[in-house]
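Please open the structure in your viewer and keep the selection panel within reach. The tour goes stop by stop, with a selection at each one.

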Amino acid sequence: MKIKYIMVTYNKRLEDCATLAHAQDLDLYIYDNSIDQEIYQHNLKISKTHNVTYLGTGENIGLSKAYNQVIDAIKTTDPDTDYVIMLDDDTHLEPSYMECVRKLPQPSNVIYTPFMTTNGKKVNPRYVNEY
């Protein structure tokens, strides 16, 4: 099963991104929305020392556009990708999460999102099969 991971960052040095520290052996795409040119150029240089695909323009195009840019790149370079998992730059990938990812069923046009609660109230569904 082919799984791609996307991390979008903004004005943060890559070495300060928790996700990158936990992303060994992942097919990780990074979109850098940094507008601080010093940080952007630093990240561009640092990205070459990691096994990641690095995208960005030195401008902040917004989160949804950044995700869509990466998804378009994945569809072009590896159209047989089964899953795309979107991460924040401060995501800690726990072993239990990675175990769940390994157990994902074969793709069937289903959307999975994180299960999130606020004050005990569900604010984001975990599984959606209709839209």
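In what sense do β1 and β2 pair, and over how many bridges? Select both strands: β1 and β2 pair in the parallel sense, over five bridges. Pick T9 and look across into β2, where its bridge partner is D32. Bear in mind throughout that this is a predicted model.

**The whole chain**

Zoom out. Colour by secondary structure and you should find four helices and eight strands. Along the sequence they follow the pattern β-α-β-α-β-α-β-α-β-β-β-β. The protein has 131 residues, and 32% of them count as buried. Its exposed surface is about 8700 Å², with carbon and sulfur atoms supplying 50%. Now consider contacts between residues at least 6 apart in sequence: 59% of these join residues at least 24 apart.

**The sheet**

Select β1 to β4. They form an open sheet of four strands in the order β3-β2-β1-β4, with parallel pairing. β3 (52-56) and β4 (83-88) stand at the edges with a single partner strand each, so one side of each has no neighbour in the sheet. From one strand to the next, the twist averages 25°.

Walk to one edge. β2 (residues 28-32) is joined to β3 by five bridges, and the two run parallel. Pick I30 to see an example: its bridge partner in β3 is Y54.

Return to β1 and go the other way. Six bridges join β1 to β4, again running parallel. K4 has V84 as its bridge partner in β4. For I6, the bridge partner in β4 is M86.

**Side chains on β1 and β4**

Show side chains on β1. Which of its residues point which way? I3, Y5, M7 and T9 point one way, while K4, I6 and V8 point the other way. All of them are buried. The strand is mostly covered, with seven of its seven residues buried.

Next, show side chains on β4. In a regular strand, side chains alternate between the two faces of the sheet. β4 alternates too: Y83, I85 and L87 point to one face and are buried. V84, M86 and D88 point to the other face and are not buried.

**M86**

Stay on β4 and select M86. Is it buried, partly exposed or exposed? M86 has a relative accessible area of 43%, which makes it partly exposed. Beyond its neighbours within four places in sequence, M86 is in contact with I6, Y67 and I71. Add Y5 to the selection: its C-alpha atom is 5.9 Å from that of M86, although the two residues are 81 apart along the chain.

**The helices on the sheet**

Select α2 (residues 37-47). This helix lies across β2 and β3, running at about 160° to β3. Then select α3 (residues 63-77), which packs on the sheet and touches β1 (3-9), β2, β3 and β4. The direction of α3 makes about 150° with that of β1.

**An aromatic pair**

How many aromatic pairs are there? The count comes to one. Select Y40 and Y54 to see it: the ring centres are 6.2 Å apart and the planes stand at 40°, so the pair is tilted. Y40 lies in helix α2 and Y54 in strand β3, so the pair ties together parts 14 residues apart in sequence. Check the cover on each ring's residue. Y40 is buried, with a relative accessible area of 9%. Y54 is also buried, at 14%. Recall that Y54 is the β3 bridge partner of I30.

**T19**

For the last stop, select T19 in helix α1 (residues 18-21). T19 is buried, with a relative accessible area of 0%. What surrounds T19, leaving aside its neighbours within four places in sequence? Its contacts are M7, L87, D88, D89, D90 and T91. Two of these names belong to strands already visited: M7 sits on β1, and L87 sits on β4. Finish by drawing a distance from the side chain of T19 to T91. A polar atom of that side chain lies 3.0 Å from the backbone nitrogen of T91.

Conventions: Residues numbered from 1 in each chain as written. Predicted model: local features only at pLDDT ≥ 70, side-chain atom pairs only at ≥ 80, totals over all residues. Heavy atoms only, no water. Pairing = 2+ DSSP bridges. Axes fitted to C-alpha atoms, helices over the stretch in contact; angles between N-to-C directions. Contact = heavy atoms within 4.5 Å. Buried < 20%, exposed > 50% of the residue type's maximum accessible area, 1.4 Å probe, protein only. Polar contact = N/O pair within 3.5 Å; in protein donor to acceptor, adjacent residues only side chain to side chain. Phe/Tyr/Trp six-rings, centres within 6.5 Å; stacked < 30°, edge-to-face > 60°. Areas by Shrake-Rupley, 256 points an atom, 1.4 Å probe, with all protein chains shown as cover.
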